[in-house]
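Here's a quick look at some aromatic rings and at one charged residue with its surroundings. Have the model open as you read.

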Amino acid sequence: MLRPATPADLDDLAEFLRAADLTVAALAEPAVHLWLERDDTGAVAATTGFELGADGGHALVRSVAVRPDLRGAGDGLRLARFALDRAADAGAREAWLFSRRSGGFWQKLGFGPTTTQELAAALPDAHQVALFRSTGQLDREVAWRRRLPVPEPELVPGPGPGPAQKTEPAPGPVRASFTA
């Protein structure tokens, strides 16, 4: 079952992401929202997440991974959709990501190629962008983007026989901050 990552998950999460050859920078930062699934033995089986940009309108999808022995059942798509939905719930209207190896996967979810410069301009303070800039990796990356749907306000019955009233979408899960 997918659940928000907690401080107690940080070491296992970082180890899992390293094994998947994914970035482990800034996992404990408040702007980084992560979820994971553990198997019956307690081992991390899958992860997903995003980093919300400082402007709130852009999100960097990251940490979407499924353990190799569990791949092929559609979990990657489920996890990616979950992260996209949570990013939209948090107010993001555009999703971005880096992926050199999985372009076909992301295209199934509506992503199209973009430039790393556009991604870096949209998310200049994202931890992964800062890391890639500082190491010179930014120009070697492949960037992707897609628009996110605007959540529809819920209609609730008014106080009387009048029309229904709009309410704002419920906020996403509260992210507990932890330090490494």
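Five aromatic pairs turn up in this predicted model. One of them is W106 with F111, an edge-to-face pair whose centres are 5.4 Å apart and whose planes make an angle of 80 degrees. That angle is over 60 degrees, so the pair gets the edge-to-face label. Both partners are also out of the solvent's way by the numbers: W106 is buried at a relative accessible area of 7%, and F111 is buried too, at 3%.

Elsewhere, ring pairs tie W35, F50 and F82 together into a cluster. F82 has another partner as well: the charged end of R86 sits over its ring, 4.6 Å from the centre.

Now for the charged residue, E94. You'll find E94 in strand β6, which covers residues 94–98. Is E94 buried or exposed? E94 is buried, because its relative accessible area is just 6% and the cut-off for buried is under 20%. Its side chain makes a polar contact of 2.9 Å with the side chain of R145. Leaving out residues up to four places away in sequence, E94 touches G57, H58 and A59, plus the run R145, R146, R147 and L148. So R145 shows up both as a polar partner and in the list of contacts, given that contact means heavy atoms within 4.5 Å.

Here are the buried residues from above, side by side:

| Residue | Relative accessible area |
|---|---|
| E94 | 6% |
| W106 | 7% |
| F111 | 3% |

Conventions:
Residues numbered from 1 in each chain as written. Predicted model: local features only at pLDDT ≥ 70, side-chain atom pairs only at ≥ 80, totals over all residues. Heavy atoms only, no water. Helix = DSSP H or I, 4+ residues; strand = E, 2+ residues; numbered from the N terminus. Buried < 20%, exposed > 50% of the residue type's maximum accessible area, 1.4 Å probe, protein only. Polar contact = N/O pair within 3.5 Å; in protein donor to acceptor, adjacent residues only side chain to side chain. Phe/Tyr/Trp six-rings, centres within 6.5 Å; stacked < 30°, edge-to-face > 60°. Lys NZ or Arg CZ within 6 Å of the ring centre and 35° of its normal.
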